[in-house]
Amino acid sequence: MKRTAKTLLLLSAVCGAATVNAATKQLANGLKNDDGWLQVQTHCSACHSLQLVTANSGDRTAWLNTIRWMQKNHNLWQFDETTEDAILTYLAKNYSAAKPQRRKPLPLDLMP
Ligand code: HEC
C-alpha cells in the first residue's frame, strides 16, 4: 500500500513535470510559464489559437490597443481591472516589443 502511494506520487511528479519544458519554461499550450498565463489561456484562446498571441509582441500600450481593437471589432468581452492587469503584465513582460525588424540602411555607395 505504501509502495503504491509512493509510485503514484512519483508518477504524478513526472507527469506534472512533463507539461513544462524546463529549458524554456514553456507550457504545453505554448505560453511562457509566468504569472498570468492562466488568464491569458482562459481569455485569449476562445476565438483564435494562442499562437496568434505568442507570434505577436509589443509593449503594454500595444497590447492594450490590440485588446481594445478586439473588444470594439470582434466581440471580445470586457475584463475586470485585475484580470486585464494580469493579462497586460504577462504579455508586456513575456511578449514585449521585438527588436527593430528593419535592416540597416544601405551604405551610400551601394545606393542605386
Ligand atoms: C471574442 C473573440 C476573441 C478573443 C476572446 C480574443 N481575440 Fe484576439 N482576435 C480576434 C479576432 C477575430 C482577430 C482577428 C483574427 C484574424 O485577423 O484572423 C484577433 C486577432 C488577434 C491578434 C492579431 C492582431 C493583429 O494585429 O493581427 C492578436 C495579437 C490577438 N488577437 C491577441 C489576443 C489576446 C491577447 C487575447 C486575450 C486578451 C485575445 N486575442 C482574445 C478575436 C478574439
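**Close-up 1. Helices α2 and α5 sit roughly perpendicular to each other in this predicted model.** Their axes cross at roughly 105 degrees, which falls in the 65 to 115 range and is therefore called roughly perpendicular. The two axes come within 8 Å. On the α2 side, look for W37, Q39, V40 and H43; on the α5 side, their partners are T83, A86, I87, Y90 and L91. Sort this contact by class and you get six nonpolar residues, three polar ones and no charged ones.

**Close-up 2. Here α4 meets α5 in a right-handed crossing.** Helix α4 covers residues 60-73 and helix α5 covers residues 81-94. They pack at about 130 degrees, with axes 9 Å apart, and that angle makes α4 oblique to α5. From α4 come R60, W63, L64, I67, R68 and Q71, and they meet E84, D85, I87, L88, T89, L91 and A92 from α5. This contact is a mix: seven nonpolar residues, two polar and four charged.

**Close-up 3. Now for the iron atom of the ligand, with its protein donors H48 and M70.** H48 offers its NE2 atom and M70 its SD atom, lying 2.0 Å from the iron. There are six donor atoms around the iron, and the angles they subtend run from 87 to 179 degrees, so the arrangement counts as octahedral.

**Close-up 4. Step back a little to see where H48 and M70 come from.** H48 lies in the loop between α2 (37-44) and α3 (50-54), while M70 belongs to helix α4, so the pair ties together parts that are 22 residues apart in sequence.

Key:
Residues numbered from 1 in each chain as written. Predicted model: local features only at pLDDT ≥ 70, side-chain atom pairs only at ≥ 80, totals over all residues. Heavy atoms only, no water. Axes fitted to C-alpha atoms, helices over the stretch in contact; angles between N-to-C directions. Helix = DSSP H or I, 4+ residues; strand = E, 2+ residues; numbered from the N terminus. Parallel < 35°, antiparallel > 145°, perpendicular 65-115°, else oblique. Left-handed = near helix turned anticlockwise from the far one by under 90°. Contact = heavy atoms within 4.5 Å. Nonpolar A, V, L, I, M, F, W, Y, C, P; charged D, E, K, R; others polar. Donors = N, O, S within 2.8 Å, 3.2 Å for Na, K, Ca; no water. Tetrahedral: all angles 85-135°; square planar, octahedral: opposite > 155°, others 65-115°.
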